[in-house]
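Please go through the fold and packing of this model with me, taking the sheet before the helices and the nonpolar cores.

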Amino acid sequence: MTTDSAPTARAAFSSPSIAKPTLLREGGGAREYNSYLLYALVAGVPYLLKRALGLSLGTYFVLAALLALPIGALTLVVHSWIVHTPTDQIGALPNQPIEAYMTILDKELKAKYHGSRKIPMEEFFERYFDGDIDLTGDALEMFEKRYDWAIFPITLNVARFFLLQWIPELLWHSKKQDETQVRDHYDRGDDFYAAFLGDRMVYTSGLIGDATRRETLEELQDNKLRDVCERVQMRAGDRHLDLGCGWGTLAAFAAKNYGTHSVGVTLGRNQTAFGNARAAAWGVADRAQLLCMDYRDTPRRPRYHRITCLEMAEHVGVRKFNEFLLQVRDMLEDDGLFYLQIAGLRGAWQYEDFSWGLFMAKYVFPGADASCPLNWVVAQLEAAGFEVRSSDTVGVHYSATLDRWYENWMQNRDQVVKSYGKRWFRIWEIFLAWSVIIARQGSSTCYQILAHKNRNAFDRGALIRQPLGYGMPSGSV
């Protein structure tokens with residue numbers, strides 16, 4: 001006799017394309033956070049001050065407005081230290097001592113964290129980058145069991161970075177700021193990025209085509225390049241603009257395989273040189289060109305039939321996002337299509353999500369503060385005059401891509417350390433290993449959004465696709 005039951009962890013992660021988790025664990029976060037307590041504090045603290053100081057009712061409302069954000073931030077900080085682990089767990093922790101995962105070389109740090117004493121994640125990676133900690137094994141395998149040796153509170157250093165760097169960058173996003181961040185990051189050296197991106201030099205999520213086998217990184221990226229071109233229905237002669245084009249692979253690919261006239265825009269000098277050289281090598285230098293400039297300076301006329309933007313819009317920033325979308329709309333032909341691929345965060349957050357997100361903002365993608373939940377992105381598109389035709393969440397595809405990047409990075413360890421030093425190697429080692437898991441579990445994901453101008457005259461029938469299962473035999477209703 002058999003009964004239906006929930007799938008096991010092994011059955012749930014059966015695709016060889018995905019790095020299988022060795023420990024599935026839910027972290028504390030939004031579910032455990034008491035919003036009613038927050039509302040009570042936001043209302044109550046100013047009221048107590050009003051009563052104690054004999055202030056007017058008007059002053060009370062001013063105090064409430066001024067103190068709401070600090071009170072909210074303080075409750076998050078305190079809660080991150082005391083939050084209880086959710087009880088609906090699939091598996092138990094190994095309960096290994098911290099020494100099973102790392103060797104702490106600094107004596108004072110070792111006195112604080114030993115045996116069953118877990119280390120805050122922020123303190124771990126900072127001290128690992130500084131050389132005060134060594135790993136006892138593979139970083140990805142270690143991070144699969146991170147809840148056995150780490151906790152995810154909002155530490156003083158995290159709060160300081162958030163207040164003194166992240167928020168000012170979010171509020172500013174000048175051309176000079178964006179140029180400095182991009183060039184410090186992407187002009188580090190093409191060999192640095194080739195060490196994990198491989199031959200395609202594409203720094204965005206690939207797509208799994210065959211979930212029954214482990215596709216190569218090149219297959220994942222080729223799947224994505226074709227998918228983007230097909231989604232926007234590229235045709236020979238189309239004027240195509242790729243905003244934040246990176247090393248220009250999509251622009252050259254579209255020109256070579258679809259006959260487009262493609263223009264890529266990037267602030268990276270190295271990327272511009274590489275992309276134009278690749279277009280020449282592929283025989284499409286007359287139809288694929290990279291321009292080294294800020295996206296705000298992109299030539300707007302003649303308008304483009306197809307505009308693509310893959311994982312650059314995060315760097316536009318929350319404050320500039322509407323302005324960016326209005327610019328895209330102005331540059332797009334009335335019957336054109338806009339493809340936006342953008343990384344985002346889940347609304348049902350856990351404290352690990354915060355820890356990872358601020359780590360990424362500090363070390364990997366500075367200025368990428370427009371990584372938001374899907375509902376925010378869709379609302380911004382609609383407010384700017386777009387209609388969203390389709391949206392797909394491809395975080396699990398990103399996990400597979402990151403897994404291949406991590407594999408490449410580890411294979412090129414000696415080369416990277418020799419050229420860039422142990423610290424840079426370690427930063428990307430943690431970034432890639434941790435992100436394989438973050439993308440797989442949905443902490444951060446990636447959205448593929450196809451949009452067009454929301455005009456009465458737009459031919460929506462041109463985008464009709466067959467329903468899933470169309471033409472298959474089916475039973476009667």
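The questions and answers below treat the sheet, the helix contacts and the cores in turn.

This is a predicted model, in which local features need pLDDT of at least 70, side-chain atom pairs count only at pLDDT 80 or more, and totals for chains, interfaces and linings use all residues. Residues are numbered from 1 along each chain as its sequence is written, and side-chain values use heavy atoms, with hydrogens and water left out.

Q: Which strands stand at the edges of the open sheet, each with a single partner strand?
A: Strands are DSSP runs of E of at least two residues, numbered from the N terminus, and two of them pair if DSSP finds at least two bridges between them. Seven strands form the open sheet, with mixed pairing, in the order β7-β6-β5-β8-β9-β11-β10. One side of each edge strand is left without a neighbour in the sheet, because each has a single partner, and these strands are β7 (288-292) and β10 (386-393).

Q: Which residue of β7 stands opposite S262?
A: Strand β6 (residues 261-266) runs parallel to β7, and 5 bridges join the two. Opposite S262, the residue in β7 is A288.

Q: At what angle do helices α9 and α16 cross?
A: Helices are DSSP runs of H or I with at least four residues; their axes are lines fitted to C-alpha atoms over the stretch in contact, and angles run from 0 to 180 degrees between N-to-C directions. The axes of α9 (residues 190-197) and α16 (residues 395-411) come within 6 Å. The contact (heavy atoms within 4.5 Å) is made by F192, A195, F196 and L197 of α9 with W405, N408 and W409 of α16. The crossing angle is roughly 120 degrees.

Q: How far apart are the axes of α5 and α18?
A: Helix α5 (residues 121-129) packs on α18 at an angle of about 145 degrees. The contact is made by M121, F124, F125, Y128 and F129 of α5 and by R423, R426, I427, E429, I430 and W434 of α18. The distance between the two axes is 9 Å.

Q: Which helix gives the most to the largest nonpolar core?
A: A nonpolar core is a set of buried (under 20% relative accessible area, with a 1.4 Å probe and protein chains only) Ala, Val, Leu, Ile, Met, Phe, Trp, Tyr and Cys residues joined through side-chain atoms within 4.5 Å. The largest has 75 residues, and those with the most contacts inside it are F124, W149 and Y203. With 12 residues, the helix that gives the most to this core is α18 (residues 422-441).

Terms used
Buried < 20%, exposed > 50% of the residue type's maximum accessible area, 1.4 Å probe, protein only.
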